[in-house]
Amino acid sequence: MTLPKNHPRYKSLMAREKLVNASDMVAKQGLIAHGRGEAFDYLLGEQTCLPALSAIKAAASALIEAKNPVISVNGNVVALAAREVVRLAEVSGAKVEVNLFHRTPERVAGLIKMMKKGGIDALGENADDSIPGLSSERAKCCSDGIGGADVVLVPLEDGDRCQALVDMGKKVITIDLNPLSRTAQTAHITIVDELTRCLPLLSDFVEEKKGIDSFDNKECLRDVLNYMAERISS
Ligand code: ATP
């Protein structure tokens, strides 16, 4: 489909197009998750709010200080933001691991191939480790990736796995447009912003070493909810 660039929903329609075009790599459930994200982005005015900016700076600081940072990617993340993930991996020195809720060997291999096109060798195929507390396929991870990481960035994650990573003692950063999700509430640092909008900012802050150390996630989530509520009431 050719979309005119001046269409008022151009960005949103292009994002949908990318997900649909990668439909053999993106789980159908991922399309539902994307729709939920879009709804929350309306409430944010489709822009990065100030509390999200603080979370991005806190995430930058965590990545700068990390010894073994890992970016965990799923089908949605690769389809929408492979390029942005590659840049963040380059500036932060983080490894990238394909880690899927709906895991099949074909999807893992396909997503690794898509990351390779972007210029990075992602982990995920030799899943020799597991995340305690999760069942079978969902638990699989790599010992030289998520298994051995001290800081994990898990955009668009589900609540169970986020909790399991926190329980493993890892510092967990997430990106989630829904400030009420279990993931948002469980992570140490939650960036309530759209994935492709916040990743370049995060990379810039990492590159310029402009992080912040003082950050309270609960307070940040309250600020985001207040921001949304004010936008609705005005
Ligand atoms: P939880 O288990 O954490 O309560 P959930 O069941 O909604 O949440 P998923 O279905 O895995 O978990 O959804 C992932 C989350 O990603 C959703 O909350 C959605 O708002 C968010 N999301 C989807 N697309 C994007 C995007 N492009 N940028 C940022 N967040 C997004």
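Me: At what angle do helix α4 and helix α9 pack, and how far apart are their axes?
Reply: In this predicted model, helices are DSSP runs of H or I with at least four residues, numbered from the N terminus. Axes are lines fitted to C-alpha atoms over the stretch in contact, and angles run from 0 to 180 degrees between N-to-C directions. On that basis α4 (residues 75–92) and α9 (residues 195–207) pack at about 5 degrees, with their axes 9 Å apart.

Me: Why does α4 count as roughly parallel to α9?
Reply: Angles under 35 degrees count as roughly parallel. The angle here is about 5 degrees. Therefore α4 is roughly parallel to α9.

Me: Which classes of residue make up the contact of α4 with α9?
Reply: Contact means heavy atoms within 4.5 Å; L80, L88 and V91 in α4 are among the residues that meet α9, whose side includes L199 and V206. Ala, Val, Leu, Ile, Met, Phe, Trp, Tyr, Cys and Pro count as nonpolar, Asp, Glu, Lys and Arg as charged, and the others, Gly among them, as polar. The contact has 11 nonpolar, 3 polar and 4 charged residues.

Me: How many residues surround the ligand, and which are the closest?
Reply: A residue belongs here if one of its heavy atoms lies within 4 Å of the ligand. The number is 18, and the closest are R36, G159, R182, T183 and E194.

Me: Which ligand atom lies 2.8 Å from a polar side-chain atom of E194?
Reply: A polar contact is a pair of N or O atoms within 3.5 Å. R182 places a polar side-chain atom 2.7 Å from an oxygen atom of the ligand. For E194 the partner is a nitrogen atom.

Me: Which element gives the most to the shell around the ligand?
Reply: α2 (28–43) and α8 (182–186) each give two or more residues. With 4 residues, the most comes from α2.

Me: How are residues numbered and filtered?
Reply: Numbering starts from 1 along each chain as its sequence is written. Local features need pLDDT of at least 70, side-chain atom pairs count only at pLDDT 80 or more, totals for chains, interfaces and linings use all residues, and side-chain values use heavy atoms, leaving out hydrogens and water.

Key:
Angles under 35 degrees count as roughly parallel, over 145 as roughly antiparallel, 65 to 115 as roughly perpendicular and the rest as oblique. A polar contact is a pair of N or O atoms within 3.5 Å; within protein, one must be able to donate a hydrogen and the other to accept it, and residues adjacent in sequence count only if both atoms are side-chain atoms.
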